[in-house]
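Here is a short report on two ligand sites and the aromatic pairs of one protein. Look at the structure first, then read on.

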Amino acid sequence: MSLLEKINRDTTPKHIAIIMDGNGRWAQQQGEERLFGHNFGVEAVRETLKAAQDMNVEHLTLYAFSTENWSRPKEEVDGLMDLLIKTIGNEVEELHNSNVVITTIGNTSGLPESCQKELRDAYETTKNNSGINLILALNYSAKWELTNATREIARLVAAKEIGLDDVNDDLISDHLSTKGIPDPELLIRTSGENRVSNFLLWQIAYSEFHFTEILWPDFGREDLYKAVLDYQSRERRFGMVSAQIEKS
Ligand code: IPE
Ligand code: IPE
Ligand code: MG
C-alpha cells in the first residue's frame with residue numbers, strides 16, 4: 001500500500017521546500033565522480049514532483065544551487081550548469097504537458113547566459129499553466145535575498161515613497177523573491193545534515209522541519225509522502241497552547 005492513501009487531503013502543505021543534499025556522497029559510495037550523483041539527482045526531482053502533484057501541493061521549491069556553491073571545484077560547477085541547461089531543455093515539454101509552471105528564485109542574472117535563456121524559455125512556455133508551481137532556487141541564498149530587500153526598502157524610505165511605519169512583516173515579504181508565494185509549511189533536507197545552509201530564512205520562520213538520512217538520488221515518491229505524514233502528525237501551535245489548538 002502506498003503511504004499516499006494515509007495522507008489527510010485537508011491538511012496537505014500548500015508549499016513544500018526541499019534542500020536536495022547528498023548527491024556527492026551518493027556518487028562516492030558507488031566509487032563514481034560527484035557529477036554522477038548530480039545526474040541521478042534529476043530522477044529524484046522527477047519523482048518528487050510527481051508525488052507533490054499527487055497530493056495537490058501548490059508550490060514545490062527545490063534548492064538546486066546556492067550562492068556558496070560557486071566555491072566548489074570549477075569542474076563540478078561547470079558540470080552542474082551544463083546539467084541544469086540540459087535538464088530544463090529536455091524536461092520542459094513534459095512539464096508543460098503536466099501543467100507545471102517553472103519559475104526560479106535567486107540571482108539568476110549571475111548564471112551563464114545559456115542557462116538564463118533556458119530558464120526564461122521554460123517560464124514563457126509554462127507561465128499560463130494552472131498546476132503546481134515548480135520553483136528552482138538557483139544562485140540563491142537567504143542572506144542575498146534579505147540584503148536586497150533591505151536595500152530596496154531603504155531606498156523607498158529615503159525617497160519618501162513610504163514612511164518608516166510602513167515597514168512591516170508584509171512589506172518585507174513582498175520584497176523577497178518569494179513574493180506572492182505562501183511560506184512553506186514543510187521544509188525537508190536529505191542526507192542527514194541538520195542545517196539550513198542559507199535557505200529561505202525569513203520564509204521558514206514557522207515551517208516544520210523534516211530531516212532524513214536518505215541521500216537525494218535515493219529520494220522517491222514514498223519518501224515525500226512519509227515527510228508529509230510526519231508533518232501531519234505534528235501540532236503547529238504558532239505560540240499558542242495545545243488547548244487553544246484543540247478548540248479551533
Ligand atoms: C546537493 O548534493 C546538490 C548541490 C548542492 C548542488 P551535494 O553535491 O551537496 O552532495 P554532498 O552533500 O556533497 O554529498
Ligand atoms: C545546500 O547544500 C545547497 C543545495 C542543496 C543547493 P550544500 O551541500 O551546499 O550545503 P552545505 O555546504 O553542506 O551546508
Ligand atoms: Mg551537500
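## Ligand 2: polar contacts

In this predicted model, an N or O atom in the side chain of R189 lies 3.3 Å from an oxygen atom of ligand 2. D21 also contributes: one of its polar side-chain atoms is 3.2 Å from an oxygen atom of this ligand. For S197, the distance from a polar side-chain atom to an oxygen atom of ligand 2 is 2.6 Å.

How much of ligand 2 does the protein cover? On its own, ligand 2 has 390 Å² of accessible area, and the protein covers 77% of that.

## Ligand 2: shell and pocket

R189, D21 and S197 belong to the set of residues around ligand 2. The rest of that set is I19, M20, Y63, A64, F65, S66, N69, R72 and R195. Sorted by class, five residues of the shell are nonpolar, three are polar and four are charged.

Which element gives the largest share of this shell? Strand β2 does, with four residues. Strand β2 covers residues 59-66. As for location, ligand 2 sits in the largest pocket.

## Ligand 1: polar contacts

Ligand 1 also has contacts through oxygen atoms. A polar side-chain atom of R72 is 2.7 Å from an oxygen atom of ligand 1. R72 is also one of the residues that surround ligand 2. The side chain of R34 places an N or O atom 2.8 Å from an oxygen atom of ligand 1. G22 takes part through its backbone: a polar backbone atom there lies 3.3 Å from an oxygen atom of the ligand.

The protein covers 87% of the accessible area of ligand 1, which is 380 Å² for the ligand on its own.

## Ligand 1: shell and pocket

Ligand 1 sits in the largest pocket. Three elements each give two or more residues to its shell: α1 (23-29), α2 (34-54) and α3 (74-97). Of these, α1 gives the most, with three residues.

In total, 13 residues surround ligand 1. The closest are D21, G24, R25, R34 and R72. D21 is also in the shell of ligand 2. What is the class make-up around ligand 1? The shell has three nonpolar, five polar and five charged residues.

## Aromatic pairs

How many aromatic pairs does the whole structure hold? A search finds 10. One of them joins Y63 and Y140. Their ring centres are 6.0 Å apart and their planes meet at 85°, an edge-to-face arrangement.

This pair links distant parts of the chain. Y63 is in strand β2, and Y140 is in strand β4 (residues 133-140). The two tyrosines are 77 residues apart. Y63 has a second role in this report: it is among the residues that surround ligand 2.

Key: Residues are numbered from 1 along each chain as its sequence is written. Chains are lettered from A and ligands numbered from 1 in the order in which they are written. This is a predicted model: local features need pLDDT of at least 70, side-chain atom pairs count only at pLDDT 80 or more; totals for chains, interfaces and linings use all residues. Side-chain values use heavy atoms; hydrogens and water are left out. A residue is near a molecule or strand if one of its heavy atoms lies within 4 Å of it. A polar contact is a pair of N or O atoms within 3.5 Å; within protein, one must be able to donate a hydrogen and the other to accept it, and residues adjacent in sequence count only if both atoms are side-chain atoms. Accessible areas come from the Shrake-Rupley method with a 1.4 Å probe; for residues, only the protein chains shown count as cover. On a 1 Å grid over the protein atoms alone, a cavity is a set of points where a 1.4 Å probe fits but cannot get out, and a pocket is an open set with protein on both sides within 12 Å along at least five of seven lines; lining residues have an atom within 4 Å of a point. A molecule sits in a cavity or pocket if more than half of its atoms lie within 2 Å of its grid points. Ala, Val, Leu, Ile, Met, Phe, Trp, Tyr, Cys and Pro count as nonpolar, Asp, Glu, Lys and Arg as charged, and the others, Gly among them, as polar. Rings of Phe, Tyr and Trp (its six-membered ring) pair if their centres lie within 6.5 Å; planes under 30 degrees apart count as stacked, over 60 as edge-to-face and the rest as tilted.
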